Amino acid sequence: MTHKQHSIHPTAIVSNEAEIGKNVTIGAYAIVEGNSVIGDDTFIHPHAIIRSGARIGKHCQIHPFSVIAGIPQDLKFHGEDTLAIIGDNTIIREYATINRGTASKGKTEIGKDCLIMSYCHIAHDCLLKDHIVIGNLTQLAGEVEVDEYANVSGGTLVHQFVRISKHVMVQGGSKISQDIPPYILVGRDPLIYCGLNVVGLRRRHFTSEQINTINEAYRILYLQGLNTSNAIATIRSSCEQTPEIESITSFIQESQRGIVKGSMA
């Protein structure tokens, strides 16, 4: 059926308790459950499933057979009222599954301007910030955090509670069980530091001076044979204390799982 403010295919099943914004399109055989919100100008493609607890922003694309706000795959979940939040302008491709939160955090959240490719799984209580790309078949376990402008290539497996920092590039097929500090490339098997994400940084308009300062910090961390505490102390004493250096040192000091190793480790 077509309404003044949105278009719903006659075969779609849409709860009267769903909140549908302006100019929303809901395709054939899609299902939209109650206690869900779909923002203005969003396109719900045929056969997509929007479950209770979904909060989808404006100008999003939810592609066929994806499931937003599915029940968490966590035995500690007991039916509590939780959310799965999708930010504006984010694209969720075919067969992706985004589970809602548990009592731990109450929500799974994906930020603005993200691309979640086909067959990805984003588990309960994950937090993905803005401008993130998650490649095909990548699987994020519960309570994983991914910071802005990270690019996680296809077929990657991410252990629960891992943090992937901003402007990171992850090689396809990686297995991640430790935290990944900002601005770097990681790859190989087992996973190690492989240098700076220079291409990504230049695309984000980092200056040569900023990139050189970041590079010096990681040279100290990974190439001088220091333990982590001594490396952090050396970075703080010898590098210009820019916002980028603060991001690096703070991330490492706050890590609960330890950071990815270097080739000398």
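**Note on the strands and sheets of this model**

1. Start with strand E28, residues 192-196. E28 is mostly covered, with four of its five residues buried. Keep in mind that this is a predicted model.

2. Next, look at the partner of E28. Strand E27, residues 184-187, pairs with E28 in the antiparallel sense over three bridges. One residue pair to find is glycine 187 and its bridge partner in E28, isoleucine 192. The two strands form a hairpin, and four residues lie between them. In that turn, arginine 188 has a positive phi of about 70°.

3. Now turn to an open sheet of nine strands. The order is E2-E5-E8-E11-E14-E17-E20-E23-E26, and the pairing is parallel. Strand E2 (13-14) and strand E26 (175-176) are the edge strands, as each pairs on one side only. Inside this order, strand E20 (residues 139-140) and strand E23 (residues 157-158) pair in the parallel sense over two bridges. Glutamine 139 stands opposite leucine 157 in E23.

4. There is also an open sheet of eight strands. Its order runs E3-E6-E9-E12-E15-E18-E21-E24, again with parallel pairing. The edge strands here are strand E3 (19-20) and E24, each pairing on one side only. For a pair within the order, take strand E12 (residues 83-86) and strand E15 (residues 107-110): they run parallel and are joined by four bridges. Isoleucine 85 has glutamate 109 in E15 as its bridge partner.

5. Edge strand E24 deserves a second look. It covers residues 163-164 and holds arginine 163. Is arginine 163 buried or exposed? Its relative accessibility is 17%, so arginine 163 counts as buried; the cut-off for buried is under 20%. A polar atom of its side chain lies 3.0 Å from the backbone oxygen of phenylalanine 251. Leaving aside neighbours within four places in sequence, the contacts of arginine 163 are Glu145, Asp179, Ile180, Phe251, Glu254 and Ser255.

6. Finish at the surface. Which residues form the nonpolar patch there? They are Phe65, Tyr95, Tyr119 and Leu137, and together they have about 410 Å² of accessible area. Tyrosine 119 sits in the loop between strand E16 (115-116) and strand E17 (121-122). With 46% relative accessibility, tyrosine 119 counts as partly exposed, because that class lies between the buried limit of 20% and the exposed limit of 50%. Strand E17 also appears in the nine-strand order, between E14 and E20.

Terms used: Residues are numbered from 1 along each chain as its sequence is written. This is a predicted model: local features need pLDDT of at least 70, side-chain atom pairs count only at pLDDT 80 or more; totals for chains, interfaces and linings use all residues. Side-chain values use heavy atoms; hydrogens and water are left out. Patches are made of residues with over 30% relative accessible area and no salt bridge: like charges are joined within 9 Å, nonpolar side chains (Val, Leu, Ile, Met, Phe, Trp, Tyr) within 5 Å. Accessible areas come from the Shrake-Rupley method with a 1.4 Å probe; for residues, only the protein chains shown count as cover. A salt bridge is a side-chain nitrogen of Lys or Arg within 4 Å of a carboxyl oxygen of Asp or Glu. Buried means under 20% relative accessible area, exposed over 50%, partly exposed in between (1.4 Å probe, protein chains only). Two strands pair if DSSP finds at least two bridges between them. A polar contact is a pair of N or O atoms within 3.5 Å; within protein, one must be able to donate a hydrogen and the other to accept it, and residues adjacent in sequence count only if both atoms are side-chain atoms. Contact means heavy atoms within 4.5 Å.
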